[in-house]
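Thanks for asking for a second pair of eyes. Here are some notes to read with the model open beside you.

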Amino acid sequence: MRGLFYLLVVLSVLSGRQAEPDPKPNRNKEKSVRRLDDEDSVIICGYEDDQLDTHENSFIKFAMNSYQRVLDQAGGNFVYSPYSTWLSMAAIVEGSEDRKNLDDILGLPLDWCVRKRYEKIILDVEKPSSDVNILRTRAFVIDDNLRLREPWQAFVPDHLHQNLIIAPINSEPITAAYAIRQIINFQFQELDLSGNSVLLDSMDYAGLWKTSFPELLNKQPFYDNSGNQIGWVDMMKTKMRVKMTYVEELKTKILELPVGRDGYYRMLIGYTNDNIDLLELYKDTDLNITRITDSLKESSIPMEIQIPRFSIHTELNMRNILEAMGVTSIWAEPSVTRHISDPPALPSAYIQRTTVSIETAGIAPPSDLPGPEPTKENNVLPEPAPVEEDTGLDAVIGRDFIANRPIIFGLFDAKMYTCLFIGSFSLPTYVL
């Protein structure tokens, strides 16, 4: 009981504790930080902003590479946030002796000042709003025998928004395990406390479309990759002008839908009509989001859109996924993390919990909805059958987007297409 009380006090009080600032800060570094906050500056520490494009592309590459590793671990319906993973690893980089390897994997600039600028750009991607709710928790839980190094302890909470939490991991592991699970509310993943620290992150998403779905079709047939019905889903339906493309190497139709009041976010959704395993195909194909988004075109006429309504809860062992990407030293080599704490922090687990809900609600109704059907009551004479209009899109796309089979989906910001989360829906809500 004493241990539980102690831990709860620690979690509520010490999670925000920071070291006193360095009494003799590096003047050049301090000047660099001030420049980072200067949004009107075009040149940051000798680098023009457009030179950061290379690193933005590296983030996209990290997101897609890690997603492909997640495909090996997850199945069915799942969602993963590369954005959370990247930020958690960026915090570790700041106290790591293995910086070159981690920078290469994350796509971080080696130059300190440019790296800070880039981290700030990534952190500013998510904007607080009443119409798109993205709630994140990132925490680094360390054993109470470790003493955090002041430079790292002072930097990480302020600049990378990482919570630092102390817990009796080694002395009272059962009590610690219970409380650690409550931090991000995960239940199913095993928690390895053989080390002296644990990485945690969680994300909960619920957002409004820029344009709502006016219809919900209950219990519509849902098919597998071979075209066999495997159950039913509730389909959200609308008709409006949209941006779409067809990616030949992925055999996939891609739809882009704006999210939020000003369309600040974009949801990309894709599916294939070919009898192929979509997820297996994505494992072995270079996922170039930039090439996909550059090829999106807006339809010249309203298109019928149907996508599933769903909610997905996923818990991932991110340590396994990162090890598959080459992140191996931070878990077992004391010399690598000695700038984080004394003794060096050796995280034995990294758990990510992500929950996403996709619903019909939006900011405004579609402007392209057809008027009332002609009837005697409304005295509207039926018009002659219209000539089929050109969609303005490639013929292979067809005239609709009916996602009644496995889909991939992801949320991105509209400016840089930073991947905030990405996932798959392939198992129906109501099983046959």
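**Notes on the fold**

1. Let's begin with strand β22, residues 419-425. Seven of its seven residues are buried, so β22 is largely enclosed by the rest of the structure. Please keep in mind throughout that this is a predicted model.

2. Which strands pair with β22? One is β21 (residues 407-413), which pairs with β22 in the antiparallel sense over six bridges. In this pairing, isoleucine 407 stands opposite phenylalanine 425 in β22. Another partner is β3 (residues 78-80), also antiparallel to β22, with three bridges between them. Here valine 79 is the residue that stands opposite glycine 423 in β22.

3. The turn is worth a look too. β21 and β22 form a hairpin with five residues between the strands, and tyrosine 417 in this hairpin takes a positive phi near 55°.

4. A short piece of background may help with what follows. Strands of a sheet pair through backbone hydrogen bonds, and the pairing can be parallel or antiparallel. In a regular strand, side chains alternate between the two faces of the sheet.

5. Now for a sheet elsewhere in the numbering. In what order do its five strands lie? The order is β6-β4-β7-β18-β16, in an open sheet with mixed pairing. At the edges are β6 (163-167) and β16 (310-317), each of which pairs on one side only. From one strand to the next, the twist averages 15°.

6. At the β16 edge, the neighbour to look for is β18 (residues 347-358): the two strands run antiparallel and are joined by eight bridges. To find your place in this pairing, look for histidine 313, which stands opposite threonine 355 in β18.

7. Which helix packs on this five-stranded sheet, and which strands does the helix touch? Helix α7 (residues 150-160) packs there, touching β4 (132-143) and β6. The direction of α7 makes about 130° with that of β6.

8. Finally, here is the wider setting. The protein chain holds eleven helices and 23 strands. Of its 432 residues, 52% are buried. Among contacts with a separation of 6 or more, 77% come from residues 24 or more positions apart. The protein chain exposes about 20200 Å², and carbon and sulfur atoms supply 49% of that area.

9. If you have time for one more look, go back to the start: β22, with seven of seven residues buried, pairs with β21 over six bridges and with β3 over three.

Technical notes: Residues numbered from 1 in each chain as written. Predicted model: local features only at pLDDT ≥ 70, side-chain atom pairs only at ≥ 80, totals over all residues. Heavy atoms only, no water. Pairing = 2+ DSSP bridges. Helix = DSSP H or I, 4+ residues; strand = E, 2+ residues; numbered from the N terminus. Axes fitted to C-alpha atoms, helices over the stretch in contact; angles between N-to-C directions. Contact = heavy atoms within 4.5 Å. Buried < 20%, exposed > 50% of the residue type's maximum accessible area, 1.4 Å probe, protein only. Areas by Shrake-Rupley, 256 points an atom, 1.4 Å probe, with all protein chains shown as cover.
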